[in-house]
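Open the model in your viewer and keep the selection tool at hand. We will go from stop to stop, with a residue or element to pick at each one.

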Amino acid sequence: MSGKYLVTGGAGYVGSVVAQHLLEAGHEVVVLDNLSTGFREGVPAGAAFIEGDIRDAAKWLDASFDGVLHFAAFSQVGESVVKPEKYWENNVGGTMALLEAMRAAGVRRLVFSSTAATYGEPDQVPIVESAPTKPTNPYGASKLAVDHMITGEAAAHGLGAVSLRYFNVAGAYGTCGERHDPESHLIPLVLQVAQGRRDAISVFGDDYPTPDGTCVRDYIHVADLAEAHLLAVAAAEPGEHLICNLGNGNGFSVREVVETVRRVTGHPIPEVVAPRRGGDPAVLVASAETAREKLGWNPSRADLAGIVSDAWEFAQRRAG
Ligand SMILES: NC(=O)c1ccc[n+]([C@@H]2O[C@H](COP(=O)([O-])OP(=O)(O)OC[C@H]3O[C@@H](n4cnc5c(N)ncnc54)[C@H](O)[C@@H]3O)[C@@H](O)[C@H]2O)c1
Ligand SMILES: O=c1ccn([C@@H]2O[C@H](COP(=O)(O)OP(=O)(O)O[C@H]3O[C@H](CO)[C@H](O)[C@H](O)[C@H]3O)[C@@H](O)[C@H]2O)c(=O)[nH]1
């Protein structure tokens, strides 16, 4: 059944891809984004656009909405370590205002972009949702605080919510792709080296307790992630807060990612070893069994070379 959804942060990377999937599934989409890190032209054609802040969501939310997909946040791990207040204010303060607006308007379904960063340095991999949550940076702590807020909102006020804990999102979908400015994520940065826009990729630390000494992450294609959001919106049950990890269960080191980019693009990628980046856990790999079981999610784009190839095509199109 088609519905009407508010997509906060829909001018950003993940939000724009999910908005596009919602439109393709026949839903009505209203994007609310203050363009702090997103781009007006990133909003998919066919979505209505409000340039505004989630703190003012009450101005636009009303009972005509079937639900909210909430992507709007700051999300740079390194920045959050040096400017934690920015993360508490926007991610936690902003979401508190959004939840109040939803409550007042009687909008009862929420899908929230949580993160693997809520777990911190895991005791065991793959990480299951019942693992201890000990974030190693303020970004992860702010997202964990929101997850707690949502649990309370569901229990006390009947919200039906799903938090999706993404691992490392990558790849592109149609005209929507990763475009942070300045870029801070590994794959688009390595692609910038391939394009000659950077001289080398800095490898942040090669003395981690991993096979090649560099950090290991679980890269998930943004289109697989988007499909999980559509399933989550349908699965949200009043009074319940479901938390699901989204990843492929495969870990790739920073060096393996760089090597994959070399193979996919055919360009040599010079590497420079740099100091560790504050707040980085050594290994983050997901168990996504809950998403498979409870949402019926079945990701189909797990191949790292395929993920990099889609990201490369998007980067080349933008550069051209
Ligand atoms: N990209 C990843 O690997 C990753 C991994 C885990 C979780 N996440 C989460 O997914 C979400 C989307 O990430 P992304 O990579 O697309 O980031 P992004 O920066 O591209 O998108 C975030 C969007 O939110 C908007 N925004 C921020 N604060 C706002 C506010 N107060 N009011 C209105 N709009 C606001 C920005 O302008 C931007 O368009 C974030 O919540 C992030 O924490 C991302
Ligand atoms: O120039 C760079 C950039 C990154 N890295 C390394 O590459 C890995 C991936 O870094 P990203 O910045 O691409 O991604 P993060 O793992 O820091 O964070 C992402 O994934 C996390 C969970 O895995 C959270 O979900 C978070 O929201 C999301 O941004 C990290 O070990 C990082 O230190 C480098 O070596 N050089």
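A residue is called buried here when its relative accessible area is under 20%, exposed when it is over 50%, and partly exposed in between. Keep in mind throughout that this is a predicted model.

**Stop 1: helix α5**

Select residues 186-194, which form α5. The buried residues in α5 are L186, I187, P188, L189, V190, L191, Q192, V193 and A194. Because nine of its nine residues are buried, α5 is largely enclosed by the rest of the structure. What lies over it? Show β7, β8 (201-204), β10 (219-221), α7 and α9, which are included in the cover of the buried residues of α5. Then step past the end of the helix to G196, which follows α5 and has a positive phi, near 80°.

**Stop 2: the loop before α5**

Now pick R179, which sits in the loop between β7 (168-170) and α5. Is R179 buried or partly exposed? With a relative accessible area of 23%, R179 is partly exposed. Display its surroundings and you will find T37, F39, E41 and R318 in contact with R179, leaving aside neighbours within four places in sequence. Add A11 to the selection too: R179 and A11 are 168 residues apart in sequence, yet their C-alpha atoms are 10 Å apart in space.

Stay in this loop for P182, which also lies between β7 and α5. The peptide bond that leads from D181 to P182 is cis, with omega near 5°.

**Stop 3: two more backbone details**

A second cis bond is waiting at P126: the peptide bond from V125 to P126 has omega near -5°. You will find P126 in the loop between β5 (109-115) and α4 (138-157). Next, go to L35, in the loop between β2 and β3 (48-51). L35 is a residue other than glycine with a positive phi, near 60°. At 23% relative accessibility, L35 counts as partly exposed. For background, most residues other than glycine have a negative phi, and most peptide bonds are trans.

**Stop 4: the largest nonpolar core**

Select V14, L69, L164, Y166, L246 and W297. Within the largest nonpolar core, which has 35 residues, these six touch the most other members. To see where the core draws its residues from, colour β1 (4-8), α1 (13-24), β2 (28-33), β6 (160-166), α6 (222-235), β11 (241-246) and α8 (289-295); each of them supplies at least two.

Zoom in on Y166. Not counting residues up to four places away in sequence, Y166 touches V14, F71, S113, S114, T115, A116, L225, H229 and L246. Another core, of 25 residues, lies apart from this one, and A170, I187, I201 and A282 are among its members.

**Stop 5: two histidines**

Pick H21, which is found in helix α1. H21 counts as buried, at 10% relative accessibility. Beyond residues up to four places away in sequence, H21 touches Y173, A223, A226, E227 and L230.

A little further along is H27, in the loop between α1 and β2. H27 is buried as well, with a relative accessible area of 14%. With residues up to four places away in sequence set aside, H27 touches M1, S2, G3, Y5 and L22. One of these, Y5, is 22 residues from H27 in sequence and 7.4 Å away in space, C-alpha to C-alpha.

**Stop 6: where α7 meets α9**

Show α7 (residues 254-265) together with α9 (residues 304-319). The two helices pack at an angle of about 65°, with their axes 9 Å apart. The crossing of α7 past α9 is right-handed. On the α7 side, V257, T260, V261, R263, V264 and T265 make the contact, and on the α9 side L304, A305, V308, S309 and W312 do. By type, these contact residues divide into seven nonpolar, three polar and one charged.

**Last stop: the cysteines**

Finish with C176 and C244. C176 is buried, with a relative accessible area of 5%, and C244 is buried at 0%. How many disulfides does a search of the whole structure find? Zero disulfides turn up.

Conventions:
Residues numbered from 1 in each chain as written. Chains lettered and ligands numbered in written order. Predicted model: local features only at pLDDT ≥ 70, side-chain atom pairs only at ≥ 80, totals over all residues. Heavy atoms only, no water. Core = buried A, V, L, I, M, F, W, Y, C linked by side-chain atoms within 4.5 Å. Buried < 20%, exposed > 50% of the residue type's maximum accessible area, 1.4 Å probe, protein only. Helix = DSSP H or I, 4+ residues; strand = E, 2+ residues; numbered from the N terminus. Contact = heavy atoms within 4.5 Å. Disulfide = S-S within 2.5 Å. Axes fitted to C-alpha atoms, helices over the stretch in contact; angles between N-to-C directions. Left-handed = near helix turned anticlockwise from the far one by under 90°. Nonpolar A, V, L, I, M, F, W, Y, C, P; charged D, E, K, R; others polar.
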